[in-house]
Amino acid sequence: MSNELVVRATAARERAIATFSNFKVGAALRTKNGRIYEGCNIENASFGLTTCAERLTLLKALSEGERDFAEIVVVTDAERLTPPCGPCRQLLWEFCGDIKVHLHSTRGVEETYQLSELFPHPFDITHL
Ligand code: THU
């Protein structure tokens, strides 16, 4: 995976608003034509309104008109790599399909999965 994706997600992670969990997450999503969008988690006092880094990043890109995605990286400083939560996996699947998902720690560890490995047997538009 390119260093630029990690650099952008790591910088976004610094902007996380993790007032309650103190768990900062950054994400960067690359489109098939090479553009990169990044985001971070945003928490607020009404906990349920928290937005994950992955979701915010995806929605930013979609709102800019992007539709074709290649890969996403999720950056934390945790010892255990941080995979996207269930709702984010659903949205990534619906809008990105079977992209590569890189899990990266600022401690230098990284693993790469296909989204279909993390999210087998998805519900999607083909079921409607
Ligand atoms: N979080 C993310 O942003 N992405 C993940 O993949 C896991 C969890 C955020 C949500 C919340 O702000 C904090 O991490 C703790 O759950």
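Contact here means heavy atoms within 4.5 Å. This is a predicted model. Five strands form an open sheet of mixed pairing, ordered β2-β1-β3-β4-β5. By the distance rule for side-chain nitrogen and carboxyl oxygen, the count of salt bridges comes to eight. The points below take the sheet, its helices, selected residues, the ion pairs and a surface patch in turn.

**The sheet**

- The edge strands are β2 (36-40) and β5 (110-114), and each pairs on one side only.
- From one strand to the next, the twist averages 15°.
- β3 and β4 (residues 100-105) run parallel and are joined by six bridges.
- T76 stands opposite S105 of β4.
- β4 is mostly covered, with five of its six residues buried.

**Helices against the sheet**

- Helix α2 lies across β1, β2 and β3.
- The angle between α2 and β2 is about 140°.
- Helix α3 spans residues 86-96.
- Its buried residues are C88, R89, Q90, L92, W93 and C96.
- These buried residues of α3 pack against two strands, β1 (26-31) and β3 (69-76).
- They also pack against two helices, α2 (53-63) and α4 (115-118).
- Just after α3 comes G97, which takes a positive phi of about 70°.

**T31 in strand β1**

- T31 is found in strand β1.
- Its relative accessibility is 1%, so T31 counts as buried; the cut-off for buried is under 20%.
- Beyond its neighbours within four places in sequence, T31 is in contact with Y37, E66, D68, F69 and A70.
- One of these partners, E66, is also buried, because its relative accessible area is 7%.

**T112 in strand β5**

- T112 sits in strand β5, which is one of the two edge strands.
- T112 has 41% relative accessibility and therefore counts as partly exposed; that class lies between 20% and 50%.
- Setting aside neighbours within four places in sequence, T112 is in contact with K100, V101 and H102.
- T112 and E71 are 41 residues apart along the chain.
- The C-alpha atoms of T112 and E71 are separated by 9.9 Å.

**Salt bridges between distant parts of the chain**

- E71 forms a salt bridge with R30, with the closest N and O atoms 2.7 Å apart.
- E71 lies in strand β3 and R30 in strand β1, so this pair ties together parts that are 41 residues apart in sequence.
- Both E71 and R30 are buried.
- R35 and E66 also meet through their side chains in a salt bridge, at 2.7 Å from N to O.
- This second pair links distant parts of the chain: R35 is in the loop between β1 and β2, E66 in the loop between α2 and β3, and they are 31 residues apart.
- The two ends of the R35 and E66 pair fall into separate burial classes: R35 is partly exposed, with a relative accessible area of 45%, whereas E66 is buried at 7%.

**Salt bridges at helix α1**

- E4 forms a salt bridge with R8, and the closest N and O atoms are 3.6 Å apart.
- Both residues lie in helix α1 (residues 3-14).
- E4 and R8 are four residues apart, about one turn of the helix.
- E4 counts as partly exposed because its relative accessibility is 44%.
- R8 is partly exposed too, with a relative accessible area of 26%.
- The E4 and R8 pair belongs to a network of salt bridges that links E4, R8, R15 and E38.

**A nonpolar surface patch**

- F123, I125 and L128 make a nonpolar patch on the surface.
- The patch covers about 400 Å².
- I125 is placed in the segment after α4.
- I125 has 66% relative accessibility, so it counts as exposed; the cut-off for exposed is over 50%.

Key
Residues are numbered from 1 along each chain as its sequence is written. This is a predicted model: local features need pLDDT of at least 70, side-chain atom pairs count only at pLDDT 80 or more; totals for chains, interfaces and linings use all residues. Side-chain values use heavy atoms; hydrogens and water are left out. Buried means under 20% relative accessible area, exposed over 50%, partly exposed in between (1.4 Å probe, protein chains only). Patches are made of residues with over 30% relative accessible area and no salt bridge: like charges are joined within 9 Å, nonpolar side chains (Val, Leu, Ile, Met, Phe, Trp, Tyr) within 5 Å. Accessible areas come from the Shrake-Rupley method with a 1.4 Å probe; for residues, only the protein chains shown count as cover. A salt bridge is a side-chain nitrogen of Lys or Arg within 4 Å of a carboxyl oxygen of Asp or Glu. Two strands pair if DSSP finds at least two bridges between them. Axes are lines fitted to C-alpha atoms, for helices over the stretch in contact, and angles run from 0 to 180 degrees between N-to-C directions.
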